[in-house]
Amino acid sequence: MTALEDDFGWTLGVVFRAYVKATNQAVGDLPGGHRGYQILTAATRDQPESQSALCQQLGIDRTVMTYLLDDMERASLVERRPAPTDRRTRLVVATDVGRARLAELDLRLSHAEAHVLSGLSAGDRETFKGLLCRLAGHVNELDPVPSACQAVQDIAASTS
């Protein structure tokens, strides 16, 4: 171990780095990587009422979303369809290929998470994840992050 083992920031950074590496490997071949996974998940499970609502839900800029969806459509993972109530509104819907790919990615991400948490017993994993969710919710109430993009910008700004 190291003298930094009691430093919260260091330990959090080490775990975060391992998680990012493992999950990047799991979703790296998907258009948009992690963002692509979030879009595919929302299009399959949440089914937002519009492309604009999807942008808001995921905190992704509209211009960025357009490019991501173009790439995901080319890969036959999602389709943009006119909404039945307003043809100007586009729905983002997962295709059969997209749903099958999501099932595969869920399995890969489960393995990545298990790899990162392999130093803990099954009970400790559940306790850790539960505590982390509670802490994240509390911290987000104190200092809300409007989007994932903003969170990354905040982290980048603090390291420069």
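How many disulfides does a search of the whole structure find? The search returns zero disulfides, and this is worth keeping in mind while touring what is a predicted model. To look at cysteines, select Cys55, which counts as buried because its relative accessibility is 7%, under the 20% limit; then move to Cys133, which is exposed because its relative accessible area of 58% is over 50%.

Next, select residues 5–137, the span that an unreviewed UniProt entry annotates as "domain: HTH marR-type". With the selection coloured by secondary structure, the span is 69% helix and 8% strand, and its end C-alpha atoms lie 25 Å apart.

Now turn to the largest nonpolar core, which has 23 residues, and display Tyr37, Ile39, Leu40, Leu54, Met65 and Val78, the residues with the most contacts inside this core. Two or more core residues come from each of α1 (8–27), α2 (33–46), α3 (51–58), α4 (62–74), β2 (90–94) and α5 (96–116), and the largest share, five residues, is given by α2.

Centre the view on Leu54 and, setting aside neighbours within four places in sequence, show its contacts, which are Ile39, Ala42, Pro48, Met65 and Val92.

Finally, return to helix α2 and select Thr41, which is found there. Is this residue buried or exposed? Thr41 is buried, because its relative accessible area of 17% falls under the 20% limit. Once residues up to four places away in sequence are left out, Thr41 touches Asp46 and Leu102, so these two side by side with Thr41 make a suitable last selection.

How values were computed: Residues are numbered from 1 along each chain as its sequence is written. This is a predicted model: local features need pLDDT of at least 70, side-chain atom pairs count only at pLDDT 80 or more; totals for chains, interfaces and linings use all residues. Side-chain values use heavy atoms; hydrogens and water are left out. A nonpolar core is a set of buried Ala, Val, Leu, Ile, Met, Phe, Trp, Tyr and Cys residues joined through side-chain atoms within 4.5 Å. Buried means under 20% relative accessible area, exposed over 50%, partly exposed in between (1.4 Å probe, protein chains only). Helices (H or I, at least four residues) and strands (E, at least two) are DSSP runs, numbered from the N terminus. Contact means heavy atoms within 4.5 Å. UniProt positions are given in the numbering used here, feature names are shortened, and annotations may be inferred rather than shown by experiment. A disulfide is a pair of cysteine sulfur atoms within 2.5 Å.
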